[in-house]
Amino acid sequence: MWLITTQGFYSVVAHRTRPEHVLVRARAREDLEALREQIPTLELYEDAGADYRWRADVHRDHWRGALIQLADRVDYDNFKNAVAARQGMKREAVYHRVWRELLRLGR
């Protein structure tokens, strides 16, 4: 699962050895640090050789709770504008490029 929010971008996959956990991965450390708003006990670690360098093992119950909180925080009518306001224009530009590529799916 890819989750692109106004506080960060996350790639979430099943944990390989702990079925009750997911592995939440991020390209930017600050994105995982921001997830502490929803999961205060989040412990992140670095895997410098991986394509998603920043990671955290998260119990599925905590992940579900975080998703609910993130959904409840949707208070904007334009996602890209909210990203620009909260994370800056550089991040908005990246997300805009993703948006443009995904637009192809509908054509």
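Four aromatic pairs are counted in this predicted model. A pair of aromatic rings is described by the distance of the centres and the angle of the planes. Two of the pairs are set out here.

| Pair | Centre to centre | Angle between planes | Class |
|---|---|---|---|
| F9 and Y52 | 6.3 Å | 40° | tilted |
| F79 and Y95 | 6.1 Å | 10° | stacked |

Take F9 and Y52. Their planes stand at 40°, so the pair is tilted. F9 lies in strand β2, and Y52 sits in the loop between β4 (44–46) and β5. These parts are 43 residues apart in sequence, so the pair ties them together. Are the two residues buried or exposed? F9 has 13% relative accessibility and counts as buried. Y52 is buried too, with a relative accessible area of 4%.

Now take F79 and Y95. This pair is stacked. F79 belongs to helix α3 (residues 79–87) and Y95 to helix α4 (residues 89–103). The pair links distant parts of the chain, with the two positions 16 residues apart in sequence numbering. F79 counts as partly exposed, at 27% relative accessibility. Y95 counts as buried, at 7%.

Rings also gather in a group. W2, F9 and Y52 form one aromatic cluster. Y52 has a further partner: R27 lies over the face of its ring, 3.9 Å from the ring centre. A second arrangement of this kind involves K80, which lies over the face of W99 at 4.5 Å from the ring centre.

Y95 leads on to its helix. α4 has 15 residues. From its first C-alpha to its last it reaches 20 Å, close to the 21 Å expected at 1.5 Å a residue. Which residues of α4 are buried? They are R91, E92 and Y95. Seen down the axis of α4, these buried residues fall within an arc of 95°, so they line one face of the helix. An α-helix has 3.6 residues a turn, so residues three or four places apart point the same way. On the other side of α4, M89 and K90 are exposed. What do the buried residues of α4 pack against? Their partners are β1 (2–4), β2, α1 and α3.

Next comes the nonpolar core. In soluble globular proteins, nonpolar side chains tend to be buried together. Here the largest nonpolar core has 18 residues. Y10, V24, L32, L35, L42, V58 and W63 touch the most other members. Five elements give two or more residues to this core: β2 (9–14), β3 (21–26), α1 (29–34), β5 (54–59) and α2 (60–72).

V24 shows how such a residue is surrounded. Leaving aside neighbours within four places in sequence, V24 is in contact with Y10, S11, V12, L32, L35, W54, R55, A56, V58 and W63. Among them are Y10, L32, L35, V58 and W63, which are also on the list of residues that touch the most other core members.

Last, the start of the chain. M1 is found in the segment before β1. M1 counts as exposed, at 53% relative accessibility. Which residues does M1 contact beyond its neighbours within four places in sequence? They are Y10, S11, V12 and W63. M1 and S11 are ten residues apart along the chain, and their C-alpha atoms are separated by 5.7 Å.

How values were computed
Residues are numbered from 1 along each chain as its sequence is written. This is a predicted model: local features need pLDDT of at least 70, side-chain atom pairs count only at pLDDT 80 or more; totals for chains, interfaces and linings use all residues. Side-chain values use heavy atoms; hydrogens and water are left out. A nonpolar core is a set of buried Ala, Val, Leu, Ile, Met, Phe, Trp, Tyr and Cys residues joined through side-chain atoms within 4.5 Å. Buried means under 20% relative accessible area, exposed over 50%, partly exposed in between (1.4 Å probe, protein chains only). Helices (H or I, at least four residues) and strands (E, at least two) are DSSP runs, numbered from the N terminus. Contact means heavy atoms within 4.5 Å. Rings of Phe, Tyr and Trp (its six-membered ring) pair if their centres lie within 6.5 Å; planes under 30 degrees apart count as stacked, over 60 as edge-to-face and the rest as tilted. A charge sits over a ring if NZ of Lys or CZ of Arg is within 6 Å of the ring centre and within 35 degrees of the ring normal. The expected span of a helix is 1.5 Å times one less than its number of residues. The arc is that of the directions from the helix axis to the C-beta atoms.
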